[in-house]
Amino acid sequence: MKVILLQDVEKLGKKFEVKDVADGHAQNHLIPEGLVKPATKEALEWAEMQKELQEKVAEESLVKFQEMASQLDDMEVQLLMKVGDEGQLFEAVNTQKIADRLKEMGYAVKKSQIKLEEPLKEIGEFPVKLSFEHNLEAEIKIIITEESK
């Protein structure tokens with residue numbers, strides 16, 4: 001029986017691919033679980049449209065992330081922090097603080113996209129990598145300075 005995969009199915013194929021499977025496997029397992037639908041003429045046309053739409057969305061996403069990565073690459077991001085008498089920060093700078101600051105600057109960067117080995121705990125300049133979808137990367141410079149009292 002020819003079927004169209006409605007999602008990625010391990011050991012069978014990727015979403016919107018057309019596959020030949022045993023009738024019993026399709027009727028008893030794949031169709032009831034909503035993993036596939038029979039490959040009728042209408043369903044094949046629908047799957048082709050969905051594939052094209054998915055490719056278009058992926059292409060637009062790639063362009064969006066390329067633009068963001070090129071805008072952010074080599075950018076300096078300044079963070080004003082409270083500092084103690086001996087130059088220590090009262091609170092560490094983590095991925096959430098960096099993401100919040102980038103959001104204030106107009107960039108929608110998730111904290112999971114910020115690659116920081118450990119929180120920053122002192123005043124200074126620190127290179128920080130950003131990883132985006134489509135294997136795109138950018139590097140920003142975090143500049144931590146003392147907040148005026």
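**Close-up views of a predicted model**

**View 1. Valine 109 and its contacts.** Valine 109 touches Met68, Leu72, Ala99, Leu102, Ile114, Leu130 and Phe132, residues up to four places away in sequence not counted. The model shown here and in every other view is predicted. Valine 109 is also one of the residues with the most contacts inside the largest nonpolar core. Leu72 and Phe132 are on that list too, as are Ile140 and Ile142. This core has 27 residues. Two or more of them come from each of α2 (41–72), β4 (76–81), β5 (88–93), α3, β8 (124–132) and β9 (136–146). The largest share, five residues, is given by β9. Another core lies apart from this one. That core has eight residues, including Val9, Val21, Leu30 and Val36.

**View 2. Tyrosine 107 in its loop.** Tyrosine 107 sits in the loop between α3 (95–104) and β6 (114–115). Is this residue buried or exposed? Tyrosine 107 counts as buried, because its relative accessibility is 17% and the cut-off for buried is under 20%. Leaving aside neighbours within four places in sequence, tyrosine 107 contacts Met68, Gln71, Leu72, Met75 and Leu102. One of these partners, glutamine 71, is 36 residues away in sequence. The C-alpha atoms of tyrosine 107 and glutamine 71 are 9.4 Å apart in space.

**View 3. Helix α3, its two sides and its two ends.** Ile98, Ala99 and Leu102 are the buried residues of α3. They lie on the same side of the helix, because they cover an arc of only 100° around its axis. An α-helix has 3.6 residues a turn, so residues three or four places apart point the same way. On the other side of α3, Lys103 and Glu104 are exposed. The buried residues of α3 pack against α2, β4, β5, β6 and β9. At the N-terminal end, asparagine 94 acts as the cap. A side-chain oxygen of asparagine 94 lies 3.2 Å from the backbone nitrogen of glutamine 96. After α3 comes glycine 106, with a positive phi near 95°.

**View 4. The four-strand sheet and the helices packed on it.** Four strands form an open sheet in the order β4-β9-β8-β6, and the pairing is mixed. Which strands stand at the edges? They are β4 and β6; each has a single partner strand, so one side of each is left without a neighbour in the sheet. Helix α2 packs on the sheet and touches β8 and β9. The direction of α2 makes about 40° with that of β9. Helix α3 also packs on the sheet, touching β4, β6 and β9. The direction of α3 makes about 115° with that of β4.

**View 5. Strand β9 and its two partners.** Strands of a sheet pair through backbone hydrogen bonds, either parallel or antiparallel. β4 and β9 pair in the parallel sense, over six bridges. Here glutamate 76 has lysine 141 of β9 as its bridge partner. Leucine 79 is bridged to isoleucine 144 of β9. β8 and β9 pair in the antiparallel sense, over nine bridges. Glutamate 125 has isoleucine 143 of β9 as its bridge partner.

**View 6. The β8–β9 hairpin and serine 61.** Three residues lie between the strands of the hairpin of β8 and β9. In this hairpin, histidine 134 takes a positive phi near 65°. Serine 61, in helix α2, touches Glu133 and His134, residues up to four places away in sequence not counted. Serine 61 counts as buried, because its relative accessibility is 18%.

**View 7. The three-strand sheet.** A second view of strand pairing follows. Three strands form an open sheet in the order β2-β1-β3, with antiparallel pairing. β2 (18–20) and β3 (36–38) stand at the edges, each with a single partner strand, so one side of each is left without a neighbour in the sheet. From one strand to the next, the twist averages 40°. Strand β1 (residues 2–5) pairs with β3 over three bridges, in the antiparallel sense. Within this pair, valine 3 stands opposite proline 38 of β3.

How values were computed: Residues are numbered from 1 along each chain as its sequence is written. This is a predicted model: local features need pLDDT of at least 70, side-chain atom pairs count only at pLDDT 80 or more; totals for chains, interfaces and linings use all residues. Side-chain values use heavy atoms; hydrogens and water are left out. Buried means under 20% relative accessible area, exposed over 50%, partly exposed in between (1.4 Å probe, protein chains only). Contact means heavy atoms within 4.5 Å. A nonpolar core is a set of buried Ala, Val, Leu, Ile, Met, Phe, Trp, Tyr and Cys residues joined through side-chain atoms within 4.5 Å. Two strands pair if DSSP finds at least two bridges between them. The arc is that of the directions from the helix axis to the C-beta atoms. A polar contact is a pair of N or O atoms within 3.5 Å; within protein, one must be able to donate a hydrogen and the other to accept it, and residues adjacent in sequence count only if both atoms are side-chain atoms. Axes are lines fitted to C-alpha atoms, for helices over the stretch in contact, and angles run from 0 to 180 degrees between N-to-C directions.
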